[in-house]
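Trainee: Could we go through this model together? I should like to begin with the backbone and then turn to the contact and the confidence.

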Amino acid sequence: MNHAILVIAVTSVVTAVLRFIPFLIFGGKRETPAYISYLGRLLPYAVMAMLVVYCLRNIGFAAAPFGAPELISCAVVALLHVWKRSSILSILGGTVCYMLLVQLVF
Amino acid sequence: MKKEVIKKAFVASVPVLSGYLVIGLSFGVVLQSRGYGALWSAAMSAFIYAGSMQFVAVELMSSAASLITVALTTVMVNMRHVFYGLSMVDRYKNTGRARPYLIFALTDETYSLVCNPPEMKAEDEKSFYILVSALDHIYWIVGSVLGSIIGSVLPFSTEGIDFALTALFVSVFVEQWLSAKDHVPALMGLGASVLCLLVFGADNFLIPAMLLILLGLTLYRKREGARV
């Protein structure tokens, strides 16, 4: 119980510190360095790919079902999103697909 | 606060409303399945207020992870917020006493709304930022508490509902892919992450992947002749 509270406290404080860092460093009168602006602009694209890989990191490709539920559901999310570009539809559709696959098929 | 600003903020926040309810709900369900009830999910969603990190925090709470591990994991998972904040430094400059809250509440989704606000008078923008940030925060807390409450009474198995988070990232990735002209950064992120996953394994790949991405983007900028 105490450990859980400490985990929440540490996570909260560290998350807040990370959010404040750029404002503490560049929030004054100084102009934001070009390199930082460049990273701020392009990094989100790379980070999102990294987060997708992060979510899928524990898939066992060596044994059945070879990551099939995850890969099929990711494809469903991507196709739904290309089709309608509605994040709620993509997320809901992909999640329902995954739940059905892991509970009923694999 | 003007009625039209309230209306604009609410309309802008509707996509986040739906997304946060679904993901918040699945967070509450996952947390409930580990034996932590509504009060825990309300506290985590109010204070941590970072979707992916909260799912990771549930794992850390269930294990005997040291607080150093918790802090380092948080840095790795939430490092991207440092970069999101960079483009809000100027916009949040004149927000006065609301500024600390606005920075605290700068999630990925709130960022996507406040970095691109609808047409309005400059003097109304501060109210818009505050409203959008607070609304999103409320959606997130309500969603996760609902998840905790209904998690125990749902008539069907919720196994696999945590895929909502993966689905969120995939949908954001596709959205960025569709709206970006330059796909090199996205491919770089994908390549570096897969490579580091293969080399360093599932538990240790995040930090090498971030370093490799930073290196790649830095080299890419040099090659581009520092146009930006």
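Trainee: Where is A:R85 found?
Mentor: This is a predicted model, and in it A:R85 sits in the loop of chain A between α3 and α4, the latter covering residues 87–105.

Trainee: What is the phi of A:R85?
Mentor: The phi of A:R85 is positive, about 55°, although the residue is not a glycine. Most residues other than glycine have a negative phi.

Trainee: And is A:R85 buried or exposed?
Mentor: A:R85 counts as partly exposed, because 14 C-beta neighbours lie inside 10 Å; the class of buried residues begins at 20.

Trainee: What about A:F66, in which loop does it lie?
Mentor: A:F66 belongs to the loop of chain A that joins α2 (34–55) and α3 (68–84). A:F66 is not a glycine, yet has a positive phi of about 60°. With 13 C-beta neighbours inside 10 Å, A:F66 counts as partly exposed.

Trainee: Changing topic: how many residues does the contact take from each chain?
Mentor: Chain A contributes 59 residues and chain B 67 residues. On the side of chain B that touches chain A, helix α9 (residues 163–179) of chain B gives the most, with 15 residues.

Trainee: How does that side of chain B divide into nonpolar, polar and charged residues?
Mentor: There are 48 nonpolar, 15 polar and four charged residues on the side of chain B that touches chain A.

Trainee: Lastly, which elements of chain A have the lowest and the highest mean pLDDT?
Mentor: The lowest is α2(A), at 81, and the highest is α3(A), at 95. Chain A as a whole averages 87, and 97% of the residues score at least 70.

Terms used. Residues are numbered from 1 along each chain as its sequence is written. Chains are lettered from A and ligands numbered from 1 in the order in which they are written. This is a predicted model: local features need pLDDT of at least 70, side-chain atom pairs count only at pLDDT 80 or more; totals for chains, interfaces and linings use all residues. Helices (H or I, at least four residues) and strands (E, at least two) are DSSP runs, numbered from the N terminus. A residue is buried if 20 or more other C-beta atoms lie within 10 Å of its own, exposed if 12 or fewer, and partly exposed in between; C-beta atoms are placed from the backbone. Two residues are in contact if their C-beta atoms, placed from the backbone, lie within 7 Å. Ala, Val, Leu, Ile, Met, Phe, Trp, Tyr, Cys and Pro count as nonpolar, Asp, Glu, Lys and Arg as charged, and the others, Gly among them, as polar. pLDDT is the predictor's confidence in each residue, from 0 to 100.
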